[in-house]
Amino acid sequence: MYNVSTKDIKLLVVDIDGTIAGHSNTISEPVKQALIAAQARGIQVAIATGRMYRSALRFHQEIGSTLPLMAYQGAWIQDPTTQKIHRHLVLSKELAHQLLDYFEQPQLRRLLSIHFYINDQLYVREITKETEIYAQRSSIVPIPVGDLRQVLTNEPTKILALCDDTNFISEVLGNLRRQYTPAELYLTTSVATFLEATNPYVNKGTAVRYLAEELLGLKIANVMAIGDNFNDLEMLEYAGIGIAMGNAPEGVQAIAQWVAPSIDSDGVAVAIEKFLLQ
């Protein structure tokens, strides 16, 4: 069933939301202990997340990871120990302006909350209900600036459009994918209500490859990855063993080599036990 021996795994990469942290926004004790046990076996553990670097840091520290942290879908890779930024890929100001023009069309503006991430700070036009919920979960204080064009003196790491209507997000994503090729813009959803746009070279797959091959000198066969959403696809496809959570959409489960139980059943702990601790 697996073309990779589990004995070869030297790096485990996990997503945060929907994978190691559920609605509670915390890591359950069984999952935390499994991640610590894997590291005790000599398997290094890293995080790859769509979250801001600052927002992901507490999870990285909690699981005792010693590796660089892959934030913003891998656009920002930083070592928390040395503070060294290994990679930071940004969106051009021109593309950021284009996306803002698109999102601020009258029929879209009233339905979308737009987030600009610049130098690990979150800038918004105004504090909406969606932004408040997001800020609370990510423990980040958003900076309202009115016209977001004011902050485009610097290139954004990521642009996020939020809306409670998942069908509307799907529609906007489809429209943008018709306007921009993958060579121009990486577009994904990390949860069904979040549309994310980054530099075209950014995705968790290229980030994990960079960490594994460039920084750690490992091969694909040495990597296992666990994720739960469409922004995890490239990472799961790259890894020698790619595992989807039971709460992942069907399209994500379909490309995985194994589907773990859901986040509520501590799926990551079950996967680690099955593949790495036997």
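Helices (DSSP runs of H or I, at least four residues) and strands (DSSP runs of E, at least two residues) are numbered from the N terminus in these legends. The structure is a predicted model, in which local features need pLDDT of at least 70 and side-chain atom pairs count only at pLDDT 80 or more, while totals for chains, interfaces and linings use all residues. Residues are numbered from 1 along each chain as its sequence is written, and side-chain values use heavy atoms, with hydrogens and water left out.

**View A. The whole chain, for orientation.**
The chain contains 10 helices and 14 strands. Its radius of gyration (taken over C-alpha atoms) is 18 Å, close to the 19 Å that the globule rule gives for 278 residues, so the chain is as compact as a globular protein of that length. The globule rule is 2.2 Å times the number of residues to the power 0.38. The C-alpha trace spans about 55 × 40 × 35 Å along its principal axes. Of the 278 residues, 55% count as buried; buried means under 20% relative accessible area, exposed means over 50%, and partly exposed lies in between (1.4 Å probe, protein chains only). A contact means heavy atoms within 4.5 Å. Among the contacts with a separation of 6 or more, 58% are between residues 24 or more positions apart.

**View B. Surface and charges of the chain.**
About 11,800 Å² of the chain is exposed, and carbon and sulfur atoms supply 51% of this area. Accessible areas come from the Shrake-Rupley method with a 1.4 Å probe; for residues, only the protein chains shown count as cover. The chain carries 23 positive and 30 negative side chains. Lys and Arg count as positive and Asp and Glu as negative, with His and the chain ends not counted. The place of a charge is taken as NZ of Lys, CZ of Arg, CG of Asp or CD of Glu. The centres of the two sets lie 4 Å apart.

**View C. Leu 12 and Leu 35 in the largest nonpolar core.**
A nonpolar core is a set of buried Ala, Val, Leu, Ile, Met, Phe, Trp, Tyr and Cys residues joined through side-chain atoms within 4.5 Å. The largest one has 49 residues, and Leu 12 and Leu 35 touch the most other members. Helix H10 (residues 267-275) gives the largest share of this core, five residues. Not counting residues up to four places away in sequence, Leu 12 touches Leu 35, Ile 43, Gln 44, Val 45, Ala 46, Met 224, Ile 226, Ile 272 and Leu 276. Another core, of 29 residues, lies apart from this one, and its members include Phe 103, Ile 114, Ile 118 and Val 172.

**View D. The loops that hold Gln 73 and Gln 83.**
Gln 73 lies in the loop between strand S3 (69-71) and strand S4 (76-78). Its phi is near 65 degrees, a positive value in a residue other than glycine. Gln 83 lies in the loop between S4 and strand S5 (85-88), and its phi, near 70 degrees, is also positive. Gln 73 has 1% relative accessibility and so counts as buried. Gln 83, at 47%, counts as partly exposed.

**View E. Ser 92 in the loop before helix H3.**
Ser 92 sits in the loop between S5 and helix H3 (93-103). With a relative accessible area of 32%, Ser 92 is partly exposed. Thr 157 is 65 residues from Ser 92 in sequence, and the two C-alpha atoms are 9.2 Å apart in space.

**View F. Ala 21 and its surroundings.**
Ala 21 is in the loop between strand S1 (11-14) and helix H1 (29-40). Ala 21 counts as buried because its relative accessibility is 0%. Leaving aside neighbours within four places in sequence, Ala 21 is in contact with Ile 16, Thr 26, Phe 59, Arg 137 and Ile 263. Leu 176 is 155 residues away along the chain, and its C-alpha atom is separated from that of Ala 21 by 30 Å.

**View G. Pro 182 in a loop after helix H6.**
Pro 182 belongs to the loop between helix H6 (166-179) and strand S10 (186-189). At 68% relative accessibility, Pro 182 counts as exposed. Pro 182 and Tyr 201 are 19 residues apart in sequence, with 8.8 Å between their C-alpha atoms.

**View H. Gly 227 in strand S12.**
Strand S12 covers residues 223-227 and includes Gly 227, which is buried at a relative accessible area of 0%. Beyond its neighbours within four places in sequence, Gly 227 is in contact with Asp 15, Thr 19, Asp 232, Met 235, Leu 236, Ile 243, Ala 244 and Met 245. Arg 178 is 49 residues from Gly 227 in sequence and 27 Å from it in space, C-alpha to C-alpha.
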